[in-house]
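Please open the model in your viewer and keep a selection tool at hand; the stops below are meant to be followed in order.

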Amino acid sequence: MASDHCICGQVVTPFGIIEQGMVLVSDRRITAVGPRDERAAGEARELLDFPGRFIVPGFFDIHCHAGNSGFCYEDPVAFAEWHLRHGVTSVLPTFIYNQSHNEIMETLGPVVDQVEDERSPIAGIHMEGPYINPRYGAITAPIRPVNRQEYEQILQRAGRQIRLWTLAPELEGQNEFMETAARYGIVFSVGHSEASAEVILEAYRYGLRLGCHLTNASGTTPYPSRYEGTREVGVHEAVLVHDDMYAEVIPDRDGVHVRPLMLRLIVKTKGTDRVILITDATGSVDEEGKGRDGRDVRIIMSNENSPTAAGRELLSGSLLTLNRAVRNMMNHTGVGIVEACKMASLNPARLLGMDRVLGSLETGKRADILAVTEEIAPQMVMLNGEVRY
């Protein structure tokens, strides 16, 4: 039986690169991956030939606030399309931790509607806060204590669509919250936190599996230490030492979010199977005047009421797209495209229990496929078996 599509090029699988490879697609699924077969290529309804290009799985951004149209909840369709053009075939629109409860409830609806749309790359929702520690982050209000009535309303509205929830596990009431939210299949991320290692490792049994944007307002090493001249174990160390926890990183061009040497240390510690690349995008390089110098970070002035940084310039997310984050990670750490694709595609899918359906070029998975240059610039974007760009 002829395939709907035969995509040819340097095929990147989790196991290596097939230099002259092909991916066959039928009924929106990958039906074969292997060396190029001219007969199969000739029988396909459409041959998509990309000599000298890499054929890679669609990217999955699990931490992304905005695109060139504004924040994800303002226009989720335009937000998703912007990132799709840059190779993101799965994305979790990430709600901002300083939204009020009313704002959250008002803006959840349009995003929820997109989760079930097979033409949309929106694969669920990421709630970053509001139950985080106000000492860590560029914006501190209206971060608030854990509120059972509030989170029950959020879960009733969108519990099945929320895939990931970032929190500070040291806050009172957090274990009860995690126990309740876990019934919806939600995975938890530690971020904006000063939890001890013991608290973090204990929270693992409630479903804590991820360290939120490691080394960025994600926590601190306890200070002063119990013994002068020694170093305690904090959020980052707890995430790094736990074999089954993943680490998010934001690899911008200049190593502003995470220094290149730190990226190398994280990869060396966690291994390429437990690192996840994200954008933490809060804007885009195409907005007026932003990013024209090539920088892909977002700087804001802190609020004068900030308890720690009044009147200072603060780092507040990025202007990244995930394809550029992949290129930056390769430049900073020396990992190859096979490992980089794991970090941008397969690892986030594994974290969320979606890897049977997406995340790699393997038979039976959904046909979310890219053709990219050596600079990871998309030349073709296929979502669910349909060529979109």
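Are Tyr 151 and Phe 177 buried or exposed? Both Tyr 151 and Phe 177 are buried, and they make a useful place to begin in what is a predicted model.

**The rings around Phe 177**

Select Tyr 131 together with Phe 177, and look at how the two rings meet: their centres lie 5.7 Å apart and their planes stand at 75 degrees, so the pair is edge-to-face. This pair links distant parts of the chain, for Tyr 131 sits in the loop between strand 9 (125-128) and helix 4 (148-158), while Phe 177 belongs to helix 5 (residues 174-181), 46 residues apart. Tyr 131 is buried, as is Phe 177.

Now add Tyr 151, whose ring centre is 4.8 Å from that of Phe 177; the planes are at 55 degrees, so this pair is tilted. Here, too, distant parts of the chain are linked, with Tyr 151 in helix 4 and Phe 177 in helix 5, 26 residues apart. Extend the selection to Trp 165 and Phe 188, and you have the cluster that ring pairs form from Tyr 131, Tyr 151, Trp 165, Phe 177 and Phe 188.

For another kind of ring contact, move to Tyr 204, where Arg 209 lies over the face of the ring at 3.7 Å from its centre.

**The nonpolar cores**

Trp 165 leads on to the next stop, since the largest nonpolar core has 92 residues and Phe 59, Ile 62 and Trp 165 are the ones that touch the most other members. The largest share of this core, eight residues, comes from helix 10 (residues 337-351). Select Ile 62 and display its surroundings: leaving aside neighbours within four places in sequence, its contacts include Leu 92, Thr 94, His 126, Leu 164 and Leu 210, and also Ile 276, Ile 278, Pro 348 and Leu 351. A second, separate core holds 14 residues, among them Val 23, Leu 48, Ile 369 and Met 382.

**Leu 322 and His 257**

Go next to Leu 322, which lies in helix 9 (residues 322-333). With a relative accessible area of 0%, Leu 322 is buried. Apart from residues up to four places away in sequence, Leu 322 touches Phe 59, Phe 60, Asp 61, Val 88, Leu 277, Ile 278, Thr 279 and Ala 344. You can also draw a distance from the C-alpha atom of Leu 322 to that of Gly 87, which gives 7.4 Å for two residues that are 235 residues apart along the chain.

Then select His 257, in the loop between strand 13 (246-249) and helix 8 (260-270). Is His 257 buried or exposed? At 4% relative accessibility, His 257 counts as buried, and the residues it contacts, neighbours within four places in sequence left aside, include Thr 215, Asn 216, Asp 252, Leu 315 and Ser 318.

**Strand 1 and its partners**

Turn now to strand 1 (residues 5-13), in which nine of the nine residues are buried, so that the strand is largely enclosed by the rest of the structure. Strand 1 pairs with strand 2 (residues 16-26) in the antiparallel sense over eight bridges, and a hairpin of two residues joins these strands; within this pairing, Val 12 stands opposite Ile 17 in strand 2. Strand 1 also pairs with strand 4 (residues 46-57), in the parallel sense and over six bridges, and Cys 8 has Asp 49 as its bridge partner in strand 4.

While you are in strand 4, select Phe 54, which is buried with a relative accessible area of 12%. The C-alpha atoms of Phe 54 and Val 11 are separated by 5.9 Å, although these residues are 43 residues apart along the chain. Neighbours within four places in sequence aside, the contacts of Phe 54 include Gln 10, Val 12 and Ile 17, as well as Ile 337, Leu 370, Val 372 and Glu 374.

**Zooming out**

Finally, display the whole chain, whose secondary structure comes to 10 helices and 19 strands. The C-alpha atoms fill a box of roughly 70 × 45 × 45 Å along the principal axes. The radius of gyration is 21 Å, which agrees with the value near 21 Å that a compact globule of 389 residues would have. Buried residues make up 58% of the chain, and, of the contacts with a separation of 6 or more, 68% are between residues 24 or more positions apart.

Terms used. Residues are numbered from 1 along each chain as its sequence is written. This is a predicted model: local features need pLDDT of at least 70, side-chain atom pairs count only at pLDDT 80 or more; totals for chains, interfaces and linings use all residues. Side-chain values use heavy atoms; hydrogens and water are left out. Helices (H or I, at least four residues) and strands (E, at least two) are DSSP runs, numbered from the N terminus. Buried means under 20% relative accessible area, exposed over 50%, partly exposed in between (1.4 Å probe, protein chains only). Contact means heavy atoms within 4.5 Å. Rings of Phe, Tyr and Trp (its six-membered ring) pair if their centres lie within 6.5 Å; planes under 30 degrees apart count as stacked, over 60 as edge-to-face and the rest as tilted. A charge sits over a ring if NZ of Lys or CZ of Arg is within 6 Å of the ring centre and within 35 degrees of the ring normal. A nonpolar core is a set of buried Ala, Val, Leu, Ile, Met, Phe, Trp, Tyr and Cys residues joined through side-chain atoms within 4.5 Å. Two strands pair if DSSP finds at least two bridges between them. The radius of gyration is taken over C-alpha atoms; the globule rule is 2.2 Å times the number of residues to the power 0.38.
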